[in-house]
Structures are given as C-alpha cells and as structure tokens.
Amino acid sequence: MDTSDYEIILPEIGEQLDQNEEWFMVKHEGQVKKVRSHDYDEIYRIPGLYEDIFYKRLGCVSPKVVCELLNEEIKKKGEQDSALRVFDFGAGNGMVGEIVRKMGCDFLVGVDILPEAKEAAERDRPGVYDDYYVLDMTCLEDEEKRKFEEYNFNTLVTVAALGFDDIPTRAFMNAFNLLKNDAWVAFNIKEKFLSKADSSGYGDVIGKIMDDNLVILQERKYCHRLSVAGEELCYHAIVGKKANNIDDISGIIRAAG
Ligand SMILES: C[S@@+](CC[C@H](N)C(=O)[O-])C[C@H]1O[C@@H](n2cnc3c(N)ncnc32)[C@H](O)[C@@H]1O
C-alpha cells in the first residue's frame, strides 16, 4: 500500500468516551488536525491511516474474527465447495473484502455510503471487489434494487458498521431482505446494543431479527479493539442463516432511528 507521511497523536483521555466521540490528532502535509474516530471520510483519504489507528494501535480484530467464524460454519455445514456470492455492507476501505477474497468467493460486491471508502478500497486493495457501490441502502431506487437482486447474493457480511451513527436498522433490513432464505449472514455488534439496558432502540431491532429472521449458528463474545483510553470494547460476532425476510418492524425502527 502506498502510505503517505503522517503522524498520529493519541490523546491522554482519563474518561471513557463513547466510540463515536473518540478522537485523535493527525499531523499531515504540514497541518495538525483533530479527527474523530468516526470521521471515516477524513481517515480514508490518508493511505494507511485507518489500518494504523484501528488495527495497529487499537488492536482491532473484527474482520478476522467475523470472517473466521463464517468460514468455520461454512466448513461445518460442508458448504465450502459451494460458490459464495458475498455482499460486504459497510465495506469501508476493503479490509473485510480482502479476507473474504482470500477465504475464496465467487463474487464480491461492496457497498458504503462514503465515496472516500470506495476510492480508498480501489486505491489500497485494487481488484478485491467485483463491484463497489456508493449508495444509501435506506432508500434504494427500484433499478438499484433489481440489480442487487440479480446478483443472487448468498452471503451478507457487515463488520464494525452497526450501531452508533453508522448503518441504520432500515438499511440493514433492506440489505438482509435482498438475500434468499438460507443465505449466510455474518456481522458483529457491540455488546451494549444487545442488552436490555440499551435505550437507543437499536438493540431491539437487532434482537428481533436474531429471534425471528435468523437461525443463529455461532455467537462469540470478544474484544473488538481497545478504546483510545485503553479499555476493551466488547462485541459479539454472530453467524447464522437467513430464515425469512424481515417485515413489520417499522414501529421498532421508528424508535431506533
Ligand atoms: C468502522 S467502518 C468498517 C469498515 C469495514 N467493514 C471494516 O471492518 O474495516 C464502518 C463503515 O460503515 C460505513 N457506513 C456507515 N453508515 C453507512 C450506511 N448508512 N450505509 C453504508 N455504509 C455505512 C462507513 O462509511 C464506514 O466505512
């Protein structure tokens, strides 16, 4: 990868900030800037910065954990020889796509809402995706929906992109509903969103999907990464098979956003 010159300065943070409030300083091209950890557009623009901050310094293991879990389940079911047609939703700069490609897949499409994500994926991991779209899955145009249905995806992977201000539940539902029944679904989510104590409503939607629309084959609790303050961030990696389409959750979605 062509990494440019930059310097990361992690702040001394005494308190535990929520993940979407974390920040660090970046010195790049003569300027020092405060970057929030969810300012993905700014992060993707600098080659190597995303990998450096989240993977090297904060020890993120989620693409590896989620993809390994998926691979294990595929092997257990004896489906390793069947062609995987994978939808990487919230694909970012292609870290997950790269692993899925190495696992072996027939066809791989990435979707992200940010043009900077697509640019970074093409710049840093050329050839990983067969197609990569910048679009908002909360409101798919009819033509886009038709095209996605024609892709005949049999696997949905969404890593480090659910919860907080990232992928809204309706967008996840639309992606999920593109799959045929019995398709593989692999994602991760922060533990707090699965707890009854979560007041955002996000967990209610994910919990309902897990109860009603998925046959869960594996759920693993693990440390997604360290926070900027050095605390372990606990996530669950979940792999299952789609049982049926998600419907009738508009009421919960309204509450969850
Ligand atoms: C932490 S990154 C994860 C990227 C990649 N999956 C990985 O594990 O490295 C979260 C990604 O979700 C994307 N995202 C957030 N909201 C989205 C939405 N509504 N639709 C599609 N992608 C979204 C962000 O742009 C960002 O690239």
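In what order do the seven strands of the open sheet with mixed pairing stand? The order is β6-β5-β4-β7-β8-β10-β9, and this briefing on a predicted model sets that sheet beside a three-stranded one, and then turns to the domains and to the empty spaces that their residues line. The protein is divided into domain 1, covering residues 6-57, and domain 2, covering residues 62-256. The largest pocket has a volume of about 490 Å³, while the largest cavity has a volume of about 160 Å³.

**The seven-stranded sheet**

- In the open sheet ordered β6-β5-β4-β7-β8-β10-β9, the edge positions are held by β6 (131-134) and β9 (214-226), each of which pairs on one side only.
- Averaged over neighbouring strands of this sheet, and with direction ignored, the turn of one strand against the next is 20°.
- Strand β7 (residues 155-158) and strand β8 (residues 184-190) run parallel and are joined by four bridges; in this part of the sheet, Thr158 has Phe187 of β8 as its bridge partner.

**The three-stranded sheet and its hairpin**

- A second open sheet is formed by three strands in the order β1-β2-β3, with antiparallel pairing.
- Because β1 (6-9) and β3 (31-36) each have a single partner strand, they stand at the edges of this sheet, and one side of each is left without a neighbour in it.
- Neighbouring strands here are turned by 25° against each other on average, again with direction ignored.
- Strand β2 (residues 23-28) is joined to β3 by six bridges, and the two strands run antiparallel; Lys27, for its part, has Val32 in β3 as its bridge partner.
- β2 and β3 form a hairpin with two residues between them, and in the turn Glu29 has a positive phi of about 50°.
- Helix α2 (residues 49-57) lies across β1 and β2, and the helix runs at about 40° to β1.

**How the two domains meet**

- The centres of domain 1 and domain 2, taken over C-alpha atoms, are separated by 24 Å.
- Contact between the domains involves 22 residues of domain 1 and 24 residues of domain 2.

**The largest pocket**

- For the pocket with a volume of about 490 Å³, the lining is made up of 30 residues, of which Gly90, Asp112, Ala161, Asp166 and Ile167 are the closest to the centre.
- The lining of this largest pocket divides into 20 nonpolar, five polar and five charged residues.
- At least two lining residues are supplied by each of α1 (40-45), α2, α4 (95-103) and β5 (107-112).
- Seen by domain, the lining of the largest pocket draws at least three residues from each of domain 1 (6-57) and domain 2 (62-256).

**The second largest pocket**

- The second largest pocket has a volume of about 220 Å³, and among the residues that line this pocket are Val26, His28, Glu29, Gln31, Val32 and Lys33, as well as Glu42, Arg45 and Leu49.
- The elements that give two or more residues to this lining are β2, β3 and α1, and β3 gives the most, with four residues.
- Two residues already met in the hairpin thus return here: Glu29 from the turn and Val32, the bridge partner of Lys27, both line the second largest pocket.
- By class, the lining of the second largest pocket has six nonpolar, two polar and four charged residues.

**The cavity**

- A search of the whole structure for cavities of 30 Å³ or more finds one, and the volume of the largest cavity is about 160 Å³.
- Of the 16 residues that line the largest cavity, Gln19, His38, Tyr40, Ala160 and His224 are the closest to its centre.
- Both α2 and β9 give two or more residues to this lining, with the largest share, three residues, coming from α2.
- The lining of the largest cavity has ten nonpolar, four polar and two charged residues.
- Where does the largest cavity lie with respect to domain 1 and domain 2? The cavity lies between them, because domain 1 (6-57) and domain 2 (62-256) both give residues to its lining.

Technical notes:
Residues are numbered from 1 along each chain as its sequence is written. This is a predicted model: local features need pLDDT of at least 70, side-chain atom pairs count only at pLDDT 80 or more; totals for chains, interfaces and linings use all residues. Side-chain values use heavy atoms; hydrogens and water are left out. Two strands pair if DSSP finds at least two bridges between them. Axes are lines fitted to C-alpha atoms, for helices over the stretch in contact, and angles run from 0 to 180 degrees between N-to-C directions. Contact means heavy atoms within 4.5 Å. On a 1 Å grid over the protein atoms alone, a cavity is a set of points where a 1.4 Å probe fits but cannot get out, and a pocket is an open set with protein on both sides within 12 Å along at least five of seven lines; lining residues have an atom within 4 Å of a point. Grid points are joined across faces, edges and corners, and a volume is the space filled by probe spheres set on the points. Ala, Val, Leu, Ile, Met, Phe, Trp, Tyr, Cys and Pro count as nonpolar, Asp, Glu, Lys and Arg as charged, and the others, Gly among them, as polar. Domain bounds come from an automatic or database domain assignment.
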